[in-house]
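Biologist: I have not seen this structure before. Could we go through it by question and answer?

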Amino acid sequence: MKDVTIGGLTVGNDRPLTLIAGPCQLESADHAQMIAGTMAEACAAAGAQYIFKASYDKANRTSLSGRRGLGIEAGLKMLGDLRDATGIPVLTDIHDPEQARIAGAVVDVIQIPAFLCRQTDLLLAAGETGCAVNIKKGQFLAPWDMANVAGKVESTGNTRILLTERGVSFGYNTLVADMRALPTMAKSGYPVIMDATHSVQQPGGLGEASGGQREFAPVMARAAASLGIAGVFVETHEDPERAPSDGPNMIPLDEMPHLLEVLMALDRIAKADPVRI
């Protein structure tokens, strides 16, 4: 098993569960601080580790009219200020090699979007920052294909890698999550994360935006935690219907404390008797 140190946290498949959670995209400093503070308090109460996530740019919106976010300069300043004020590690996604170099100077974790997980130059640039790199498995990849993806980052000498499952394309506007993917990717030794909210997304399902089935996001989180993995990724918002992106698959913020209690109970049971395949 490979553990990855992120800030003051140690993330691993045999460590207490880490929650990566926040809004889909940054909205304001006060909003980010509110969600980060709420989630940090809930994680501390439940015994979970916590990383705040938010995007400064949503570059893969369904249509041109989709709201993209604050942009890299304002967004990274907001993330850096939040980390400095709270001590909470922060994660954001990038879309090209130059963004890797800029974001890597500010955030703790660089995330590779699923659609871009085979872009060699992007993976190499992310690895060269020395930051932890969270790679989302493409909707078009088998779980065992992620060994080659991780190998690109490893070639830079950076083994601070997380692998995230977020479902696989299953017909038009539909994803399906195969829980066999989690122990399969865990064979790499790297920490495995389950993206509980994007795995219930319906890409392009609303015509000019993606839909989702948020009622199933907690189901995905619970199923994944019961296997004993490193972490769960969740997008959350106090009013998902008003969120600028991905609202249909977000878990309401006020539901997160109870869900965390359940996830940690499942995590403790699973890690007392690990899955062996």
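Modeller: Let us begin with one side chain; note that this is a predicted model. Arg 15 has a relative accessibility of 35%. Buried would need under 20% and exposed over 50%, so Arg 15 counts as partly exposed.

Biologist: With which residue does Arg 15 form a salt bridge?

Modeller: The closest N and O atoms of the pair are 3.0 Å apart, and a salt bridge requires a distance within 4 Å. The partner has 34% relative accessibility and counts as partly exposed. That partner of Arg 15 is Asp 3.

Biologist: How many residues apart in sequence are the parts that Asp 3 and Arg 15 tie together?

Modeller: Asp 3 lies in the segment before strand S1 (4–6). Arg 15 lies in the loop between strand S2 (9–11) and strand S3 (18–22). The pair therefore ties together parts whose separation in sequence is 12 residues.

Biologist: Are Glu 165 and Lys 137, which also meet in a salt bridge, buried or exposed?

Modeller: Their N to O distance is 3.1 Å. Glu 165 has a relative accessible area of 2%, and Lys 137 has one of 1%. Buried means under 20%, so Glu 165 is buried and Lys 137 is also buried.

Biologist: Which parts of the chain does the pair of Glu 165 and Lys 137 tie together?

Modeller: The two parts are 28 residues apart in sequence. Glu 165 belongs to strand S8 (residues 161–165). Lys 137 belongs to the loop between strand S7 (132–136) and helix H5 (146–154). The pair thus ties S8 to the loop between S7 and H5.

Biologist: Arg 276 and Asp 273 meet in a salt bridge too; are they buried or exposed?

Modeller: This bridge has an N to O distance of 3.6 Å. The relative accessible area is 67% for Arg 276 and 54% for Asp 273. The cut-off for exposed is over 50%, so Arg 276 is exposed and Asp 273 is exposed.

Biologist: How many salt bridges does the structure hold?

Modeller: The pairs discussed so far are Asp 3 with Arg 15, Glu 165 with Lys 137, and Arg 276 with Asp 273. They are among a total of 12.

Biologist: Which helix gives the most to the largest nonpolar core?

Modeller: The largest nonpolar core has 66 residues. Those with the most contacts inside this core include Leu 19, Met 39, Phe 52 and Ile 135. The helix that gives the most supplies 7 residues and spans residues 29–46. That helix is H1.

Biologist: How many residues are in the second, separate core?

Modeller: Ile 6, Leu 91, Ile 193 and Ala 230 are included in this second core. Its number of residues is 13.

Biologist: Which residues does Gly 138 touch, not counting residues up to four places away in sequence?

Modeller: Gly 138 is in the loop between S7 and H5, and is buried at 0% relative accessible area. Its C-alpha is 5.5 Å from that of Phe 115, although the two are 23 residues apart in sequence. The residues touched by Gly 138 are Ala 114, Cys 117 and Gly 167.

Biologist: What is the phi of Asp 246?

Modeller: Most residues other than glycine have a negative phi. Asp 246 has a positive value. This residue lies in the loop between strand S14 (231–237) and strand S15 (251–252), and is buried at 8% relative accessible area. The phi of Asp 246 is near 60°.

Biologist: Where is Asn 173 found?

Modeller: Asn 173 also has a positive phi, near 55°. With a relative accessible area of 40%, Asn 173 is partly exposed. Its place is the loop between strand S9 (168–169) and strand S10 (175–176).

Biologist: Which helix supplies the largest share of the lining of the second largest pocket?

Modeller: This pocket has a volume of about 280 Å³ and is lined by 16 residues. The lining divides into 10 nonpolar, 2 polar and 4 charged residues. Helix H6 (181–186) and helix H8 (256–272) each supply at least two of them. The largest share, 3 residues, comes from H6.

Terms used
Residues are numbered from 1 along each chain as its sequence is written. This is a predicted model: local features need pLDDT of at least 70, side-chain atom pairs count only at pLDDT 80 or more; totals for chains, interfaces and linings use all residues. Side-chain values use heavy atoms; hydrogens and water are left out. On a 1 Å grid over the protein atoms alone, a cavity is a set of points where a 1.4 Å probe fits but cannot get out, and a pocket is an open set with protein on both sides within 12 Å along at least five of seven lines; lining residues have an atom within 4 Å of a point. Grid points are joined across faces, edges and corners, and a volume is the space filled by probe spheres set on the points. Helices (H or I, at least four residues) and strands (E, at least two) are DSSP runs, numbered from the N terminus. Ala, Val, Leu, Ile, Met, Phe, Trp, Tyr, Cys and Pro count as nonpolar, Asp, Glu, Lys and Arg as charged, and the others, Gly among them, as polar. A nonpolar core is a set of buried Ala, Val, Leu, Ile, Met, Phe, Trp, Tyr and Cys residues joined through side-chain atoms within 4.5 Å. Buried means under 20% relative accessible area, exposed over 50%, partly exposed in between (1.4 Å probe, protein chains only). A salt bridge is a side-chain nitrogen of Lys or Arg within 4 Å of a carboxyl oxygen of Asp or Glu. Contact means heavy atoms within 4.5 Å.
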